[in-house]
Amino acid sequence: MKDWLDRVNVRKMRETDLPLIEWEGEYARYRKVYQEVYRNQRLGVTTALIAESPEDGIVAQIFLTKKPPNEIFSPEERYLFISSFRVKEPFRKRGLGSLLLKMAELFAKKEGLRLLILNCAQSNREGLAFYKNAGFEGYRIDDGKWRYIDHEGNVREECEPAFSMRKRV
Ligand SMILES: CC(C)(COP(=O)(O)OP(=O)(O)OC[C@H]1O[C@@H](n2cnc3c(N)ncnc32)[C@H](O)[C@@H]1OP(=O)(O)O)[C@@H](O)C(=O)NCCC(=O)NCCS
């Protein structure tokens, strides 16, 4: 699998990736959210990294957003917030998730940020173990409530109780 990983290219998201990261419709509901992420990337606030291999196309993504201090996550310190981090199922456990997380850490340092924060669903035992192994610690409970407008213009509400996790780099 190492050879496969060597062939994976990680780059910034392009506008033409937007339909592709809907993953054959599985994430079509996030179309407007992704468009907003792309706009934020153009503004320099978010960097969306896309991983692709020559034979498999897009296989993973991770969104990195520079955040100012705020009462909810980090009252005193700026941080890098990780979101929409996923590796397509058939390509997991090949080291790609760890590689992307490492790239997120390097990106944070380059941007002068020493703190990484993310939310992981409480029900996602594998994800929580993965982050723990990568040096993240849970430090707050998040109700995981958020609203967005889906691709058909409907307001959707999601509620996935999560643990906020952080790592200092
Ligand atoms: C969590 C997630 C991003 C991890 O991605 P991944 O590519 O599978 O990550 P890695 O391959 O680097 O590591 C996963 C595990 O496989 C192991 N692994 C890595 N390379 C391996 C290999 N070649 N052979 C066997 N196992 C391997 C790692 O040791 C790691 O074990 P750990 O979880 O006990 O630390 C992925 O499982 C995913 O997309 N899950 C669904 C969405 C999600 O949960 N996102 C994160 C929460 S918001």
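Is Ser-84 buried, partly exposed or exposed? The tour of this predicted model begins with that residue.

**First stop: Ser-84 in β4**

Select Ser-84, which belongs to strand β4, residues 79-87. Ser-84 counts as partly exposed, because 15 C-beta neighbours lie inside 10 Å. Display the backbone angles next: the phi of Ser-84 is positive, about 45°, although Ser-84 is not a glycine. For context, most residues other than glycine have a negative phi.

**Second stop: Glu-24**

A positive phi also appears at Glu-24, where the value is near 50° and the residue is again other than glycine. To find Glu-24, select the loop between β1 (9-12) and α2 (31-42). Glu-24 is exposed, because 7 other C-beta atoms lie within 10 Å.

**Third stop: from β4 to β5**

Return to β4 and add strand β5, residues 115-121, to the selection. The two strands run parallel and are joined by three bridges. Within this pairing, Phe-81 has Ile-117 in β5 as its bridge partner. Now trace the chain from β4 through α3 to β5: this path is a β-α-β crossover, and it is right-handed.

Next, add strand β9, residues 162-168. β5 and β9 pair in the antiparallel sense, with seven bridges between them. One position to label is Ala-121, which stands opposite Ala-162 in β9.

**Fourth stop: the nonpolar core**

Which residues touch the most other members of the largest nonpolar core? They are Ile-62, Leu-80, Ile-82, Leu-100, Ala-104 and Leu-116, out of 32 residues in that core. Colouring by element shows where the core comes from: α2, β2 (46-53), β3 (57-67), β4, α3, β5 and β9 each supply at least two of its residues. In soluble globular proteins, nonpolar side chains tend to be buried together.

Centre the view on Ala-104. Leaving aside residues up to four places away in sequence, Ala-104 touches Ile-62, Leu-64, Leu-80, Ile-82 and Leu-116.

**Fifth stop: the shell around the ligand**

Select the ligand and the 18 residues around it; those that come nearest are Arg-92, Gly-97, Ser-98, Gly-127 and Asn-133. Two or more residues of this shell come from each of β4, α3 (96-110) and α4 (125-133). Which element gives the most to the shell? The answer is α4, with five residues. Colouring the shell by residue class divides it into seven nonpolar, six polar and five charged residues.

**Sixth stop: Leu-128 in α4**

Stay with helix α4 and select Leu-128, which is found there. Leu-128 counts as partly exposed, because it has 18 C-beta neighbours inside 10 Å. Its contacts, not counting residues up to four places away in sequence, are Cys-120 and Phe-163. For a distance across the model, pick the C-alpha atoms of Leu-128 and Glu-22: the two residues are 106 residues apart along the chain, and these atoms are separated by 24 Å.

**Last stop: the hairpin of β7 and β8**

Finally, select strand β7, residues 145-149, together with strand β8, residues 155-159. These strands pair in the antiparallel sense over five bridges. Tyr-148 stands opposite Arg-156 in β8. The hairpin has five residues between the strands, and Gly-153 in this hairpin takes a positive phi near 85°.

Note on methods:
Residues numbered from 1 in each chain as written. Predicted model: local features only at pLDDT ≥ 70, side-chain atom pairs only at ≥ 80, totals over all residues. Helix = DSSP H or I, 4+ residues; strand = E, 2+ residues; numbered from the N terminus. Buried ≥ 20, exposed ≤ 12 C-beta atoms within 10 Å, placed from the backbone. Near = placed C-beta within 6 Å. Nonpolar A, V, L, I, M, F, W, Y, C, P; charged D, E, K, R; others polar. Pairing = 2+ DSSP bridges. Right-handed = clockwise from strand over helix to strand, strands pointing away. Core = buried A, V, L, I, M, F, W, Y, C linked by C-beta atoms within 7 Å. Contact = placed C-beta atoms within 7 Å.
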